[in-house]
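Work through the exercises below with the structure open. Each task is followed by a solution in steps.

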Amino acid sequence: VTMLTIILVGAAFIREREHGTIEHLLVMPLTPFEIMMAKIWANGLAVLIGVSFALLVMVERVLAVPIAGSLPLFLAAAACYLFAAASIGIFLGTLARSMPQFGLLVILCIIPLLLLSGGISPRESMPQLIQNIMLGAPTTYFVRLAQGILYRGAGLDVVWRDLLAMTGVGAAFFTIALVRFRKAVTQTQL
């Protein structure tokens, strides 16, 4: 989910900037906010459909692994996480000037997100400084709430704090990306 979302959204953003279609969008009556939300919505929906298929068909039917918690709650949390991850993708897209630069930034971003979020190794085994730094990443909260919902059957009353924190971190990345995108737009118009 993390890798697909960040790469799809960021690469689409870079590709449109390289081909000049961002300028075409900007002459239309669209704001940078609307352009960014369209990127997040379109790519996030594709990834969410993939996640739904993987859980419903592959995990439950083919592998016959039971899911302990509420699938609608997990998909709602995944949608919030997709917003956060897509915001990171757009942010990286505003930093990079070309697709190769974006690829290098993605590697530098995704590896720590995956390794230090608690999905591969327990967060409790990491130094306290790393645990504190990773509280600024939405992946940490998503891993915690996904494990709670899917493995232990946790409800909204248990995961609401992680859901709120994840959405807040995503909103912060979205805001930073929006400011950078607006700055890039004004530089290209000058």
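**Exercise 1.** What volume does the second largest pocket have? Then list its lining and say which helix contributes most.

Solution. The model is predicted, and every value here is computed from it.
- Step 1: the volume of the second largest pocket is about 170 Å³.
- Step 2: the lining consists of Met37, Ile40, Trp41, Gly44, Leu45, Leu48, Ala79, Leu82 and Phe83.
- Step 3: at least two lining residues come from each of H3 and H4, and H3 has the largest share, with six residues.
- Step 4: sorted by class, eight of these lining residues are nonpolar, one is polar and none is charged.

**Exercise 2.** Describe the largest pocket and find the helix that gives the most to its lining.

Solution.
- Step 1: the largest pocket holds about 500 Å³ of space.
- Step 2: 22 residues line the largest pocket, and those closest to its centre are Phe74, Phe142, Ala146, Leu150 and Tyr151.
- Step 3: helices H1 (2-19), H3 (32-62), H4 (71-95) and H7 each give two or more residues to this lining.
- Step 4: H7 gives the most, with seven residues.
- Step 5: the lining has 17 nonpolar and five polar residues, and no charged ones.

**Exercise 3.** Is helix H7 mostly covered or mostly uncovered? Check its span as well.

Solution.
- Step 1: H7 covers residues 138-152, which is 15 residues.
- Step 2: from first to last C-alpha H7 reaches 21 Å, close to the 21 Å expected at 1.5 Å a residue.
- Step 3: taking buried as under 20% relative accessible area, eleven of the 15 residues are buried, and H7 is mostly covered.
- Step 4: the buried residues include Phe142, Ala146 and Leu150.
- Step 5: just after H7, Gly153 has a positive phi of about 70 degrees.

**Exercise 4.** How many salt bridges does the whole structure contain? Locate each partner and give its exposure.

Solution.
- Step 1: a search of the whole structure finds two salt bridges.
- Step 2: one joins the side chains of Glu16 and Lys39 at 2.8 Å, N to O. Because Glu16 lies in helix H1 and Lys39 in helix H3, the pair ties together parts 23 residues apart in sequence. Lys39 is buried, at 13% relative accessible area.
- Step 3: the side chains of Asp162 and Arg144 form a salt bridge at 2.9 Å, N to O. This pair links helix H8 (residues 156-189), which holds Asp162, to helix H7, which holds Arg144, 18 residues apart.
- Step 4: Asp162 is buried, with a relative accessible area of 13%, whereas Arg144 is partly exposed, at 34%.

Methods
Residues numbered from 1 in each chain as written. Predicted model: local features only at pLDDT ≥ 70, side-chain atom pairs only at ≥ 80, totals over all residues. Heavy atoms only, no water. Helix = DSSP H or I, 4+ residues; strand = E, 2+ residues; numbered from the N terminus. Expected span 1.5 Å × (residues − 1). Buried < 20%, exposed > 50% of the residue type's maximum accessible area, 1.4 Å probe, protein only. 1 Å grid on protein atoms, 1.4 Å probe; cavity = no way out; pocket = protein on both sides within 12 Å on 5 of 7 lines; lining within 4 Å. Points joined across faces, edges and corners; volume = space filled by probe spheres on them. Nonpolar A, V, L, I, M, F, W, Y, C, P; charged D, E, K, R; others polar. Salt bridge = Lys/Arg side-chain N within 4 Å of Asp/Glu carboxyl O.
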